[in-house]
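Student: Could you take me through the nonpolar core of this protein in detail, beginning with the order of its elements?

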Amino acid sequence: MEKGPFSVEWLAQSSRGGAREVPGESRPLPQGSPPQTPPPLPAHWPRDREAAERRSPGHGAEPVGAAPGRSRTKFSAAQLQELERSFREQRYIGAGEKRRLAAVLNLSQSQIKTWFQNRRMKFKRQTQDAR
């Protein structure tokens, strides 16, 4: 019942005391036995960094940078108005203002922080295009 590295079956057997060998570690072979090759890696395991990047989210049908299972936040007009007002006063938000906005707008501090980062990038693009 020996399966690939740390398969469910191997873990179940090892928790019962059956499997003592750690996958990937070698032990002496009895004389006359053919040398064993390590079990092949599943086809979906990346073999190098480029392969991992090609298979990562953002290189498929999902939009670039989208977190799996998380949809894009749609801000209401009132939320945008308050965020823009705060941005006009100060482009970099402090911790206290971030907490206040999060509470008032019913958003997370992370959403507020991300909105400000994105808004600064938009501002930067607009000012560069104007030159």
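Tutor: From the N terminus on, the elements run α-α-α-α-α, that is, five helices and zero strands, where helices (H or I, at least four residues) and strands (E, at least two) are DSSP runs numbered from the N terminus. The model is predicted, so local features need pLDDT of at least 70 and side-chain atom pairs count only at pLDDT 80 or more, while totals for chains, interfaces and linings use all residues. Residues are numbered from 1 along each chain as its sequence is written, and side-chain values use heavy atoms, with hydrogens and water left out.

Of the 131 residues of the protein, 16% count as buried, meaning under 20% relative accessible area with a 1.4 Å probe and protein chains only. The largest nonpolar core (buried Ala, Val, Leu, Ile, Met, Phe, Trp, Tyr and Cys residues joined through side-chain atoms within 4.5 Å) has 10 residues, among them Leu-83, Phe-87, Ile-93, Leu-101, Trp-115 and Phe-116. At least two residues of this core come from each of α3 (77-89), α4 (95-105) and α5 (109-130).

Contacts, meaning heavy atoms within 4.5 Å, fill in the picture when neighbours within four places in sequence are set aside: Ile-93 then touches Lys-98, Leu-101, Ile-112 and Phe-116. Ser-86, which lies in helix α3, is buried as well, with a relative accessible area of 4%, and on the same basis Ser-86 is in contact with Glu-97, Leu-101 and Phe-116.

Definitions and conventions. Buried < 20%, exposed > 50% of the residue type's maximum accessible area, 1.4 Å probe, protein only.
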